[in-house]
Amino acid sequence: MTERRAILSGSAFEERIGYARAVVDGDRVHVSGTTGFDYATMTISDDVVEQAEQCLRNIGAALAEAECTFADVVRVRYLLPDREDFEPCWPVLRRCFGDVRPAATMLVCGLSDPRMKIEIEVDARRRTPPRDDALSNHPEASAVPVEAHETPYYAAVFTTVRTQDQSDYSGTSTHLEELVKNVPGYLGMDHAQTPGGLGITVSYFRDADALKVWRTEVDHRAAQNRGQAQWYQTYTLHVAKVERSHGFVRTDAPLSPTPG
């Protein structure tokens, strides 16, 4: 049976009118017409460009919950009461869609609230197999996981959904992967990417001191700050102490061509 689920943003309008911010239907994601309200405060700017930016933040959050990004958008519709307001929004829109180039339509029409100056609706398609190196900087990663180690040791699990702006990401990631190898007590790293765009990196360290050295490394901290400002739509970090570890390697059969 095809997966179908609703994504809610917490907007008061969704409850009052009876609709979802987005609907996931199999590999299709349909995001409702989204305006420039900050749904946490239910406030809206008077400036159309700021409204457009908030529209895209709201849409980006819905796409992330649907396990995809702006890179998956195939159609976008812009609705504005005043056609003169459209061109000032172009630089904001281009930042999200300039590389994606979805099909697009702009309509001049009335909106339900006179404070609303722009409404944006998108359709996306979640991709399978996983994205190329525009969203995964490990396209040739080995299919062999990090081996089991003597316990206890530590695992840092970093999960991300990335933004469209990935400039300099690949080079920084490669630099950090080489840098972490110099940390005493570093045991290795595993990478994976889901078809929906969720990236997972697990780094292993012998003890808490090794993990602290890496956490406080200057280039690593600089990359974290840039990630928050530019590269990540959302991320989480989980640090766990591994109490049990074992592994298995089959030697009498070839690897499957599909991951997992």
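**Charged side chains in close-up**

**View 1. Asp113 and its partner Arg115.** With a relative accessibility of 13%, Asp113 counts as buried, since the cut-off for that class is under 20% relative accessible area. In this predicted model, the side chain of Asp113 meets that of Arg115 in a salt bridge, with a distance of 2.8 Å from N to O. Arg115 itself is partly exposed, its relative accessible area being 44%, so the bridge joins a buried acidic residue to a partly exposed basic one.

**View 2. The salt bridge between Glu53 and Arg95.** The side chains of Glu53 and Arg95 form a salt bridge in which N and O lie 3.6 Å apart. This pair links distant parts of the chain, for Glu53 belongs to helix H2 (residues 48-65) and Arg95 to helix H3 (residues 90-97), and the two residues are 42 residues apart. Glu53 is partly exposed, having a relative accessible area of 26%, whereas Arg95, at 57% relative accessibility, counts as exposed.

**View 3. The salt bridge between Arg126 and Glu67.** Here the side chains of Arg126 and Glu67 meet in a salt bridge, at 3.7 Å from N to O. Because Arg126 lies in the loop between strand S8 (119-125) and strand S9 (153-162), while Glu67 lies in the loop between H2 and strand S6 (73-80), the pair ties together parts that are 59 residues apart in sequence. Arg126 counts as buried, at 14% relative accessibility, and Glu67 as partly exposed, at 41%.

**View 4. A network of salt bridges at Asp27, Arg28 and Arg125.** In this view three residues, Asp27, Arg28 and Arg125, are linked in a network of salt bridges. For the model, the count of salt bridges comes to 9, a count that rests on a side-chain nitrogen of Lys or Arg being within 4 Å of a carboxyl oxygen of Asp or Glu.

**View 5. Asp85, a buried acidic residue without a salt bridge.** Asp85 is found in the loop between S6 and H3, and although this residue is buried, it has no salt bridge. The nearest side chain of opposite charge is that of Lys117, at 5.5 Å; a salt bridge requires the nitrogen to be within 4 Å of a carboxyl oxygen, so this pair does not qualify. Lys117 is nevertheless among the residues in contact with Asp85 once neighbours within four places in sequence are left aside, together with Val48 and Leu80.

Methods:
Residues are numbered from 1 along each chain as its sequence is written. This is a predicted model: local features need pLDDT of at least 70, side-chain atom pairs count only at pLDDT 80 or more; totals for chains, interfaces and linings use all residues. Side-chain values use heavy atoms; hydrogens and water are left out. Helices (H or I, at least four residues) and strands (E, at least two) are DSSP runs, numbered from the N terminus. Buried means under 20% relative accessible area, exposed over 50%, partly exposed in between (1.4 Å probe, protein chains only). Lys and Arg count as positive and Asp and Glu as negative; His and the chain ends are not counted. Contact means heavy atoms within 4.5 Å.
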